[in-house]
Amino acid sequence: MKPYNNEDSKKEQVKDMFDSIAWRYDMLNHLLSIGIDRSWRKRVVRMVAISRAKRILDVATGTGDLAIMMAKKIDGANIDGVDLSPEMLSIGKMKVEKEKLSDKIKMAEGDAENLVFANDEFDAVTVAFGVRNFEDIDKGVKEIYRVIKPGGVVCILEFGNPRHKIFSTVYRFYFHKILPMLGRIVSRDKKAYTYLPMSVDEFPYGEPFANILRLAGFKNCIIKNLFGGVAQIYYGVK
């Protein structure tokens, strides 16, 4: 699905959407997840650190939260962050400079489905809450596989749906009713936070997405459920 009802490609609409909400994205992200998203990113950082990765690509880096966390926690890490949205990147670059991490993190506009990097360039590729926004998920995953070195890892954090029936009912009410209303009020974008829950519903979370990773060539694929299945971490080795 697309964020807006117009003829532009999903890729262009996603870029426009994130440009429009960039100035409130971090605050809304932490507020609407009650800060839990930070702990989820920490899990990703630990998994990447265990793999001993040093050269890391953060796809759909947004305002750089995950990239900054990895730069702080992984000794010797050298990170490239790419994103479609120049407004999100602008905020991310300011955060990187404020944290004095410009020597460790480079951020640039980039398309996950057409990465400019060479084959076998990175020890690890991460994506946090970005895969469901790919226009072509299969193509994006294949590009990620291409740029990872043999023996390198992919670590993807994405929303899912809780498995417990009662929790799922409460969660879906919040996600489909409360979150869009709060998001519209704060971001002033009527579509962005309606798109979010709908894009999660359409994402092939769980084994279907793990199978996409396997078809791209990744081995030893595992899924870690977070907060009862609200989110998952997908991990694989090239």
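Strands β1 (55-59) and β4 (residues 122-128) pair in the parallel sense over 4 bridges; two strands are said to pair if DSSP finds at least two bridges between them. Helices (H or I, at least four residues) and strands (E, at least two) are DSSP runs, numbered from the N terminus. The model is a predicted one, in which local features need pLDDT of at least 70 and side-chain atom pairs count only at pLDDT 80 or more, while totals for chains, interfaces and linings use all residues. Residues are numbered from 1 along each chain as its sequence is written, and side-chain values use heavy atoms, with hydrogens and water left out.

Within the pairing of β1 and β4, Ile 56 stands opposite Ala 124 of β4. Strand β4 is mostly covered, since 7 of its 7 residues are buried; buried means under 20% relative accessible area, exposed over 50%, and partly exposed in between (1.4 Å probe, protein chains only). β4 also pairs with strand β5 (residues 148-159), in the parallel sense and over 6 bridges. Here Phe 122 has Ile 148 in β5 as its bridge partner. Between β4 and β5 the chain passes through helix α5 (residues 137-147), and this β-α-β crossover is right-handed. A crossover is right-handed if, with the strands pointing away from the viewer, the path from the first strand over the helix to the second runs clockwise.

A second right-handed β-α-β unit is made by β2, α4 and β3. Its strands, β2 and β3 (residues 105-109), pair in the parallel sense over 5 bridges, and Val 82 has Ala 108 in β3 as its bridge partner.

Ala 53 is found in the loop between α2 and β1. At 1% relative accessibility, Ala 53 counts as buried. Its C-alpha atom is separated by 5.9 Å from that of Ala 124, although the two residues are 71 residues apart along the chain. Apart from neighbours within four places in sequence, Ala 53 is in contact with Val 48, Ile 74, Asp 123 and Ala 124, where contact means heavy atoms within 4.5 Å.

On the other side of β1 in sequence, the loop between β1 and α3 (65-73) holds Thr 63. With a relative accessible area of 2%, Thr 63 is buried. Residues up to four places away in sequence not counted, Thr 63 touches Tyr 25, Asp 26, Met 88, Ile 91, Gly 92, Lys 95 and Met 107. Helix α3 has 7 of its 9 residues buried, so it is largely enclosed by the rest of the structure. The buried residues of α3 are Asp 65, Leu 66, Ala 67, Ile 68, Met 69, Met 70 and Ala 71.

The empty spaces are described on a 1 Å grid over the protein atoms alone: a cavity is a set of points where a 1.4 Å probe fits but cannot get out, a pocket is an open set with protein on both sides within 12 Å along at least five of seven lines, and lining residues have an atom within 4 Å of a point. Grid points are joined across faces, edges and corners, and a volume is the space filled by probe spheres set on the points.

By this rule there is 1 cavity of 30 Å³ or more, and about 370 Å³ of space lies in the largest cavity. Of the 30 residues lining the largest cavity, those closest to its centre are Ala 60, Thr 61, Gly 62, Asp 83 and Gly 130. At least two lining residues are supplied by each of α1 (10-32), β1, α3 and β2 (78-83), with the largest share, 5 residues, coming from α1. By class, this lining has 13 nonpolar, 8 polar and 9 charged residues. Ala, Val, Leu, Ile, Met, Phe, Trp, Tyr, Cys and Pro count as nonpolar, Asp, Glu, Lys and Arg as charged, and the others, Gly among them, as polar.

The second largest pocket has a volume of about 320 Å³. It is lined by 13 residues, of which Asp 65, Ile 68, Lys 72, Lys 95 and Glu 99 are the closest to its centre. The elements giving two or more residues to this lining are α2 (36-50), α3 and α4 (86-98), and α3 provides the largest share, 5 residues. By class, the lining of the second largest pocket has 2 nonpolar, 1 polar and 10 charged residues.
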